[in-house]
Amino acid sequence: RVSVEEFAEAVERTGTTIITILPTVFFNQLSTYLSDEGYRKLSRVKIITVAGEALYGNQVRAFQKKFGTRTDIVNVYGPTECTVATTTHRIRGAVDEEQVHIPIGRPIHNYQVYVLNEENRLCPVNVPGELCISTPALAKGYLNQPERTAQSFVDNPFIPGGRMYRSGDIVRLLPNGTLEYAGRKDSQLKIRGNRIEIGEIEEQLARHADIQDVAVIAKKDSQGQNMLVGYYTTTHGTELETADIKAHLAAKLPSYFIPDFIIGLERMPLSPTG
């Protein structure tokens, strides 16, 4: 976990064939920093499982360019409140160049998932909604936090007497039946009366050919109103023209989705856990 080279050495020494990596920042480090000799040491690996963060197509493509497509990658999603693993998506073969988000897939056995709108009704295909989860593996609630428990663990409107967990995660049901992660419910905010979904802005930023890592946050302006600030790193280490980035976003998003400030960084700051 400290060094990708030492990790590859341990994989070869132990003959490991399945790797579970938490969080995906380590997966990023494999793609970015592992030497050619390190990749050779991973030659027996059949499956890499990643979880803990959103997985993007550019991360998988970077790995596949170095390592090829003989290793399957499994993207796992699941809150702790539902005993962690809830849905999985297995990548076999090359990821399409146009794909931004890697789907979180379909529910595993004994799990039911629902994509619900604010009226607790099922969302149509491609329409974002909150992911709600029903399973015998559901937690009873939060210890000594009855109000939080009542908000998150609710009656299941589709199963009489059943319970479900409101995850706070916004997802879309894709036409092929898989789920795509879109962001957090609490990342939605209003700017000048318009509802903003930060995840959508980050998704479009990430589609720029020269951009590697992205983050969009809300800050207060001098009048105390919400404004958006976008941060990015590039694949080549050189800042881009702000006007070009805004034009890229304007081609896909409403004007009120475009951040007031867009700032290039040498490296995206990370918490101690990645």
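# Questions about a predicted chain

Biologist: Let's start with tyrosine 142: where is it found?

Modeller: Tyrosine 142 is found in the loop between strand 7 and helix 5 (146–152). Helices (H or I, at least four residues) and strands (E, at least two) are DSSP runs, numbered from the N terminus. A word on the source: this is a predicted model, where local features need pLDDT of at least 70, side-chain atom pairs count only at pLDDT 80 or more, and totals for chains, interfaces and linings use all residues. Residues are numbered from 1 along each chain as its sequence is written, and side-chain values use heavy atoms, with hydrogens and water left out.

Biologist: Thanks! Is tyrosine 142 buried or exposed?

Modeller: Buried means under 20% relative accessible area, exposed over 50%, and partly exposed in between (1.4 Å probe, protein chains only). Tyrosine 142 has 15% relative accessibility, so this residue counts as buried.

Biologist: Which residues is tyrosine 142 in contact with, leaving aside its neighbours within four places in sequence?

Modeller: Contact here means heavy atoms within 4.5 Å. With neighbours within four places set aside, the partners of tyrosine 142 are Glu81, Arg148, Thr149, Ser152, Phe153 and Tyr165.

Biologist: How many salt bridges does the count come to?

Modeller: A salt bridge is a side-chain nitrogen of Lys or Arg within 4 Å of a carboxyl oxygen of Asp or Glu. By this rule, the count is 12.

Biologist: Why does the pair of arginine 92 and aspartate 72 tie together parts that are apart in sequence?

Modeller: Their side chains meet in a salt bridge of 3.4 Å, N to O. Arginine 92 lies in the loop between strand 4 (87–91) and strand 5 (106–107), while aspartate 72 is in strand 3 (residues 72–77), so the parts tied together are apart in sequence by 20 residues.

Biologist: Which of those two partners is buried?

Modeller: Arginine 92 counts as exposed, because its relative accessibility is 61%. The buried partner, at 12% relative accessibility, is aspartate 72.

Biologist: How many residues apart are glutamate 130 and lysine 185?

Modeller: The side chains of glutamate 130 and lysine 185 meet in a salt bridge (3.3 Å, N to O). Glutamate 130 is in strand 7 (residues 129–134) and lysine 185 is in the loop between strand 10 (179–184) and strand 11 (188–191), so this pair links distant parts of the chain. Glutamate 130 is buried, with a relative accessible area of 6%, whereas lysine 185 is partly exposed at 40%. The separation of the pair along the chain is 55 residues.

Biologist: Which residues are linked in a network of salt bridges?

Modeller: One bridge to look at joins glutamate 203 and arginine 172 (3.9 Å, N to O). Glutamate 203 is in helix 6 (residues 198–206) and arginine 172 in strand 9 (residues 163–173), 31 residues apart. Both glutamate 203 and arginine 172 are buried. The network is made up of Arg172, Glu180, Glu203 and Arg207.

Biologist: And for the chain as a whole, what is the radius of gyration?

Modeller: The radius of gyration is taken over C-alpha atoms, and the globule rule is 2.2 Å times the number of residues to the power 0.38. For 274 residues, a compact globule would come near 19 Å, and the chain agrees with that at 20 Å.

Biologist: Last one: what percentage of the residues in the chain is buried?

Modeller: The secondary structure comes to 7 helices and 15 strands. Out of the 274 residues in the chain, the buried share is 45%.
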